[in-house]
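This note is addressed to a colleague who is looking at the structure for the first time. Please read the numbered points below with the model open alongside.

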Amino acid sequence: MERSAKPLLRALSGEAVWPPPLWLMRQAGRYLPEYRRVRAQAGDFIALCTTPDLAAEVTLQPIRRYGFDGAILFSDILMVPWALGQGLAYREGEGPMLPPLRSAEDVAALQPTRLPGAIAPILETVRRVRAGLAQDFPDCTLIGFAGAPFTVACYMVEGSGSRDFAATRTLALTQPEVFDRLMALLVDATVTYLSAQIDAGADAVMLFDTWAGILSPMQFRRFVIAPARAIIAALRARHPSVPVIGFPRLAGLLVGEYASTTGVAGIGLDTSMDLALAGAAVPSGIALQGNLDPLSLVAGGAALRQEAAGVLAGLRGRPAIFNLGHGIVPQTPPEHVGALVEQVRAT
């Protein structure tokens, strides 16, 4: 099937498809028993992300179960620093751990020449998923992704997750030349990574800026909007027909500026964003993606139906993709996801 015939790509091209195409952030993950079995087989999370047959399997699991309109590559936003040679480990109950990057010497120690070889298994996963979709789910869009430079830098500088990433923001303020060098390196690496995913078969790509909302407006424009604009311009020069979805989480009033100036075809909206306000701020040809509260999926029943109906009402009449405002949480009952799919499809 031609790319333009896929519902999600039609929405990203500016068409008001209804019912809206549907996929969910973290749709492949711990809430599914079939995922947990594969995860146990892999042993280590990085091994799971870099073993193509296993990563392809978990990417396709939710498509087989629910028939989503989008299959997002199973990987992690920290594969770029891992590929650049920064140490990365995932500890149960603690999340990602990296050696903190705090100086010009730390930035200089990163190895961009490692990137192509390191990401080769991930690109093989993309090729395998593309083949699987072409055979069994030809109208499903394959979405590649990367973490946006600021969010990736947060983990690289901090060395782990954080509530406010104070070390990262302090570095940006007190050693701007070091932080700018890191951001420039990450822009280039992200272009290389996403372009390679497209070459391997991704129909669209998504840029996750999970921690965009912790910045001041001035810093948001400098560290969120400007890098996204540079990445998308470079991708468009190489792959003019491939759309990019941006997700500047908790962008608030700056969501319209991000959408208008970066070149995105779609914009992911977090749970807190009012869809009417977003619709007024975002140009009409750009698809709104979102933004159901993931805890609605945990609750299920009448609460889920009511919340989903509100999102659907807010998306109607314009290019749109039904999704969550953040990722599925592990305690989500799989049957609640099935009920959501039925509700959206029946709209």
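1. Strand S5 is joined to strand S6 (residues 244-248) by five bridges, and the two strands run parallel. Leucine 207 has glycine 246 of S6 as its bridge partner. Between these strands the chain passes from S5 through helix H12 (residues 217-238) to S6, a right-handed β-α-β crossover. Right-handed here describes a path from the first strand over the helix to the second that runs clockwise when the strands point away from the viewer. Strands count as paired if DSSP finds at least two bridges between them; helices (H or I, at least four residues) and strands (E, at least two) are DSSP runs, numbered from the N terminus.

2. The model is predicted, so local features need pLDDT of at least 70 and side-chain atom pairs count only at pLDDT 80 or more, while totals for chains, interfaces and linings use all residues. Residues are numbered from 1 along each chain as its sequence is written, and side-chain values use heavy atoms, with hydrogens and water left out.

3. S5 also pairs in the parallel sense with strand S4 (residues 141-147), over five bridges. Here phenylalanine 145 stands opposite methionine 206.

4. How many residues of S5 are buried? Strand S5 covers residues 204-209, and six of its six residues are buried (buried means under 20% relative accessible area, exposed over 50%, partly exposed in between, with a 1.4 Å probe and protein chains only). Ala204, Met206 and Phe208 point one way, whereas Val205, Leu207 and Asp209 point the other way. In a regular strand the side chains alternate between the two faces of the sheet.

5. Histidine 336 belongs to helix H17 (residues 334-345). This histidine 336 counts as buried because its relative accessibility is 18%. Its side chain reaches the backbone oxygen of leucine 297 at 2.7 Å. Leaving aside residues up to four places away in sequence, histidine 336 touches Leu297, Val298, Ala299, Gly300 and Leu304; contact means heavy atoms within 4.5 Å.

6. Two backbone features concern cis peptide bonds and two concern phi. Most residues other than glycine have a negative phi, and most peptide bonds are trans. Tryptophan 18 and proline 19 are joined by a cis peptide bond with omega about -5°, and proline 19 is in the loop between helix H1 (7-12) and helix H2 (33-42). The bond from glycine 290 to asparagine 291 is also cis, with omega near -20°; asparagine 291 is in strand S8 (residues 287-292).

7. Arginine 26, in the loop between H1 and H2, has a positive phi of about 60° although it is not a glycine. At 52% relative accessibility, arginine 26 counts as exposed. Leucine 250 likewise has a positive phi of about 60° and is found in the loop between S6 and helix H13 (255-262). With a relative accessible area of 41%, leucine 250 is partly exposed.

8. As for the whole chain, there are 17 helices and nine strands. The radius of gyration is 19 Å, which agrees with the value near 20 Å for a compact globule of 347 residues; this radius is taken over C-alpha atoms, and the globule rule is 2.2 Å times the number of residues to the power 0.38. Of the 347 residues, 58% count as buried. Among contacts between residues at least 6 apart in sequence, 73% join residues at least 24 apart.

How values were computed
A polar contact is a pair of N or O atoms within 3.5 Å; within protein, one must be able to donate a hydrogen and the other to accept it, and residues adjacent in sequence count only if both atoms are side-chain atoms.
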